[in-house]
Amino acid sequence: MTREISELMDGELDAAEAEDIISRVKANQELERDWSLYHLIGDTIRQQAFYSPGLTAQVSGRLAAEPTVLAPRARPAREKYMRYALSAAASVAAVAVVAWIGIQGVTEAPAPQLALVQDPAAQARPASVPMPNRVNDYLLAHQEYSPSSVVHGVVPYVRTVSMTAEAGGR
Amino acid sequence: MGDREIDQALVERAQRGDKRAFEMLVSKYQRKLARLLSRFIRDPAEIEDVSQEAFIKAYRALPSFRGDSAFYTWLYRIGINTAKNYLVAMGRRAPTSTEFDSEEAETFEDAEHLRDVNTPENEMMSRQIAETVNETLAQLPEELRTAITLREIEGMSYEDIANIMNCPIGTVRSRIFRAREAIAERLRPLLGTSKDKRW
């Protein structure tokens, strides 16, 4: 275990391992002494030792009298950046999807087309209704009573004839 | 998980009510903080008092620590402010803000001055500790001494040390641990083994 403490203080463990070793050190006074001792060795090698044997114990005694701190968990900076990055990515993705749909609608999506089936039977043909000869005489005689129209020629008569023919059929 | 991340993990535990996690930070940084305070407080007993006060203030202020800076940089500022308040209360000149810049926090070194502010008893013990460490270090096999020196003085990663020493990282891990443990074995009798004794 002391080897893991050595690696922990050198920052050579991954996060899960480090959390595990921290938990073990906290739960075992002997390991906690090793943690302190290894730091003392490092400070001494760097000629920075300030020997104060009771300081940690004194601080611990005062901490015991302190109300326990309960703070909301700090959001690591990396997590903050990730949140902003994901928000930006989502926005960009949404814009891209909308733009893509728009472009597809304009340039790529074929306009709806009806199937063109050449069915001879279904082709429109001018109606050919045999008229009695006396119809022409009748039309000429009643020309002035036909619906007024700016269109001259036979068109008004065609309409009249059609209506008349339909009425006559019944 | 680097040094800063380890501190952050301990801080987050302390923020969730784990006082022992905060004590691990005290164990780790007490000498560094005392060294800082010794720059402008001469009396060793006062340094201890102000160190204690700074740690307690830091503990109380933990809810405001968001991890935007390194824990020690934050502790450094609290230490400086605690020392200023102490000196003002004692009617002595407090250091100006330019004397202690937070940017200096990570590189602060002042070992020579520190020797002058230990109490006679602690000074003697500090000397014995230093002698024991240095003697043991000198007696270590060359590869162990080099490995721990590169780590503790140069602050190099295991990977960099492995490249320099031309050996696998696993060997570096082993060498550094064996060096530490060899020194620790010599120090334990000197420091005693009482449960409440921590350094």
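How many of the 199 residues of chain B count as buried, as a percentage? The answer is 38%. Keep in mind that this is a predicted model, and every value here is computed from it.

**The two chains**

Let's start with the overall make-up. Chain B has nine helices and zero strands, so to speak an unbroken run of α-α-α-α-α-α-α-α-α along the sequence. Chain A is built from seven helices, again with zero strands, and its elements read α-α-α-α-α-α-α from the N terminus on. Here is how the chains line up on a few numbers:

| Chain | Residues | Helices | Buried | Contacts joining residues 24 or more apart, among those at least 6 apart |
|---|---|---|---|---|
| B | 199 residues | nine helices | 38% | 62% |
| A | 170 residues | seven helices | 19% | 32% |

**Helix H2 of chain B**

Now to one helix that keeps turning up. H2(B) covers residues 19-37, and 17 of its 19 residues are buried, which leaves the helix mostly covered. H2(B) also has a kink of about 50°, centred on B:Tyr29.

What does H2(B) meet inside its own chain? One partner is H4(B), residues 71-89: the two axes come within 10 Å and cross at roughly 50°. At that angle, H2(B) and H4(B) are oblique to each other, because the value is neither under 35 degrees nor in the 65 to 115 range. The crossing of H2(B) past H4(B) is right-handed.

On the H2(B) side, the residues in this contact are B:Leu25, B:Tyr29, B:Lys32, B:Leu33, B:Leu36 and B:Leu37. They face B:Phe71, B:Tyr72, B:Leu75, B:Tyr76, B:Gly79 and B:Ala83 of H4(B). Sorted by class, that contact has ten nonpolar residues, one polar and one charged. B:Tyr29 thus shows up twice: the kink is centred on B:Tyr29, and B:Tyr29 is also listed in the contact with H4(B).

**Where the chains touch**

Next, the contact between the chains. Chain B puts in 66 residues and chain A puts in 55. Several helices of chain B each supply at least two residues to the side that touches chain A: H1 (3-15), H2, H3 (44-60), H5 (111-115), H6 (120-139), H7 (142-152) and H9 (169-191). Which of them gives the most? That would be H2(B), with 14 residues. By class, the residues on this side of chain B split into 31 nonpolar, twelve polar and 23 charged.

**A helix pair across the chains**

One helix pair spans the two chains: H2(A), residues 15-27, and H1(B). Their axes come within 11 Å and cross at roughly 50°. H2(A) and H1(B) are therefore oblique to each other, and H2(A) passes H1(B) in a right-handed crossing.

From H2(A), the residues involved are A:Ala18, A:Glu19 and A:Ile22, and they meet B:Ile6, B:Ala9 and B:Leu10 of H1(B). This contact counts five nonpolar residues, no polar ones and one charged.

**Putting it together**

For a quick recap, H2(B) is mostly covered, has a kink centred on B:Tyr29, crosses H4(B) at roughly 50° and gives the most residues to the side of chain B that touches chain A. Between the chains, H2(A) and H1(B) cross at roughly 50° as well.

How values were computed
Residues are numbered from 1 along each chain as its sequence is written. Chains are lettered from A and ligands numbered from 1 in the order in which they are written. This is a predicted model: local features need pLDDT of at least 70, side-chain atom pairs count only at pLDDT 80 or more; totals for chains, interfaces and linings use all residues. Axes are lines fitted to C-alpha atoms, for helices over the stretch in contact, and angles run from 0 to 180 degrees between N-to-C directions. Helices (H or I, at least four residues) and strands (E, at least two) are DSSP runs, numbered from the N terminus. Angles under 35 degrees count as roughly parallel, over 145 as roughly antiparallel, 65 to 115 as roughly perpendicular and the rest as oblique. A crossing is left-handed if the near helix is turned anticlockwise from the far one by less than a right angle, and right-handed if clockwise. Two residues are in contact if their C-beta atoms, placed from the backbone, lie within 7 Å. Ala, Val, Leu, Ile, Met, Phe, Trp, Tyr, Cys and Pro count as nonpolar, Asp, Glu, Lys and Arg as charged, and the others, Gly among them, as polar. The bend at a residue is the angle between axes fitted to the seven residues ending there and the seven starting there. A residue is buried if 20 or more other C-beta atoms lie within 10 Å of its own, exposed if 12 or fewer, and partly exposed in between; C-beta atoms are placed from the backbone.
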